[in-house]
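Biologist: I'm new to this one. Could you walk me through how to read it, feature by feature?

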Amino acid sequence: MSTIEPRGPVDSSRIPRYAGPATFARLPRLDEVGTADVAVVGVPFDSGVSYRPGARFGGNAIREASRLLRPYNPAQDASPFALAQVADAGDIAANPFNINEAVETIEAAADDLLGTGARLMTLGGDHTIALPLLRAVARKHGPVALLHFDAHLDTWDTYFGAEYTHGTPFCRAVEEGILDTSALSHVGTRGPLYGKQDLDDDEKMGFGIVTSADVMRRGVDEVAQQLRERIGDRPLYVSIDIDVLDPAHAPGTGTPEAGGLTSRELLEILRGLADCHLVSADVVEVAPAYDHAEITSVAASHTAYELTTIMSRQIAAAKQRQQHSAAAR
């Protein structure tokens, strides 16, 4: 972790937000700062989708929408870009014609970034990319708790005989032993399934489910409390498919389902996880061709901002503990 004063976003009082390169939140590029505590990385890959394509353009759409993010987060009472060095690491270029090769490329690139000491805030891309990211994170931390926000389960076995798609990453992850099966949760699931067996298979893998209707009836505070209890102090990976939001809040996505969360509900649940040990996260399935007035990419940029804030706060707290420990010796 860097001990140099973090370099933050471009000063919007000097350069208008709509001017200049569209890095995430107008932060410096990774090559401009050398190392980062949190690396924001794009994965422009959508060859694993089963319906609408276009999530390959999601990362840059999120970056464009993030121009309006500001450096102080009042909801968490933190200035994330002052607490830790956050930098835009650019994109992982994956082969769009060979899913297996793409998965290997993403995993290797994630390994490299994690090897620098950074945590990852990944902008997808379709949900296929969660598997190689989880492999890399588990290689560093061991099997991780997973909190999966999505309209869908994404624990199906195959599509058209293909093992690697955006509907199968968590089935593969359970099979590979990279998830802590005592701490797996879906949040926001809804809509029709192929059959009740889908739910039975999912339960056998260890997942608990909080549906979008559960969130509506029970409220975000109770849901966040339940998730905190399930996660405990385990290393946590959060994977967010933007279709967890209702199409009114996220029309720009590949497989929309009616009856989803509001963007406010999603952000409040994430804020309720601020004390969980968040080691990396992703936001995926933003398909800007189906978006209107950047509704979806704005929601995704704020979602990534909350996750980045959580990681930055924890990194700053860890540095402070190290300094106190060194001073006491």
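Modeller: We'll go through the sheet, the cores, a loop residue, the cysteines and a pair of helices. Keep in mind that this is a predicted model.

Biologist: Let's start with the sheet. In what order do the strands of the open sheet run, and is the pairing parallel or antiparallel?

Modeller: In general, strands of a sheet pair through backbone hydrogen bonds, in either a parallel or an antiparallel way. Here, eight strands make an open sheet in the order 2-1-3-8-7-4-5-6, with parallel pairing. Strand 2 (86-91) and strand 6 (207-211) sit at the edges, each pairing on one side only. From one strand to the next, the twist averages 15 degrees.

Biologist: Can we zoom in on one pair? How many bridges join strand 4 and strand 7?

Modeller: Five bridges, in the parallel sense, between strand 4 (residues 144-149) and strand 7 (residues 235-241). Take Phe 149: its bridge partner in strand 7 is Ile 240.

Biologist: Now the inside. Which residues have the most contacts within the largest nonpolar core?

Modeller: The general idea is that nonpolar side chains tend to be buried together in soluble globular proteins. In this model the largest such core has 48 residues, and Phe 149 and Ile 240 are among those with the most contacts inside it, along with Phe 24, Met 121, Leu 147, Val 238 and Leu 307. Helix 11 (residues 295-328) gives the most to this core, eight residues. There's also a second, separate core of 37 residues, including Phe 207 and Tyr 237.

Biologist: What does Leu 307 touch?

Modeller: Setting aside residues up to four places away in sequence, Leu 307 touches Met 121, Val 238, Ile 240, Leu 270, Leu 278, Ala 281 and Val 283.

Biologist: And Gln 76, is that buried or exposed?

Modeller: Gln 76 counts as buried because its relative accessible area is 6%, below the 20% cut-off. Gln 76 lies in the loop between helix 2 (58-65) and helix 3 (80-83). Beyond its sequence neighbours within four places, its contacts include Arg 271, Glu 306 and Arg 313.

Biologist: How many disulfides does a search of the whole structure find?

Modeller: Zero. Still, Cys 171 is buried at 6% relative accessibility, and Cys 276 is buried at 3%.

Biologist: Last one: at what angle do helix 4 and helix 5 pack?

Modeller: Look at the angle, the axis distance and the handedness. Helix 4 (residues 99-115) and helix 5 (residues 130-141) pack at about 35 degrees, with axes 8 Å apart, and their crossing is right-handed. Residues that meet there include Val 103 and Leu 114 from helix 4, and Leu 133 and Val 137 from helix 5.

Terms used:
Residues numbered from 1 in each chain as written. Predicted model: local features only at pLDDT ≥ 70, side-chain atom pairs only at ≥ 80, totals over all residues. Heavy atoms only, no water. Core = buried A, V, L, I, M, F, W, Y, C linked by side-chain atoms within 4.5 Å. Buried < 20%, exposed > 50% of the residue type's maximum accessible area, 1.4 Å probe, protein only. Helix = DSSP H or I, 4+ residues; strand = E, 2+ residues; numbered from the N terminus. Contact = heavy atoms within 4.5 Å. Disulfide = S-S within 2.5 Å. Pairing = 2+ DSSP bridges. Axes fitted to C-alpha atoms, helices over the stretch in contact; angles between N-to-C directions. Left-handed = near helix turned anticlockwise from the far one by under 90°.
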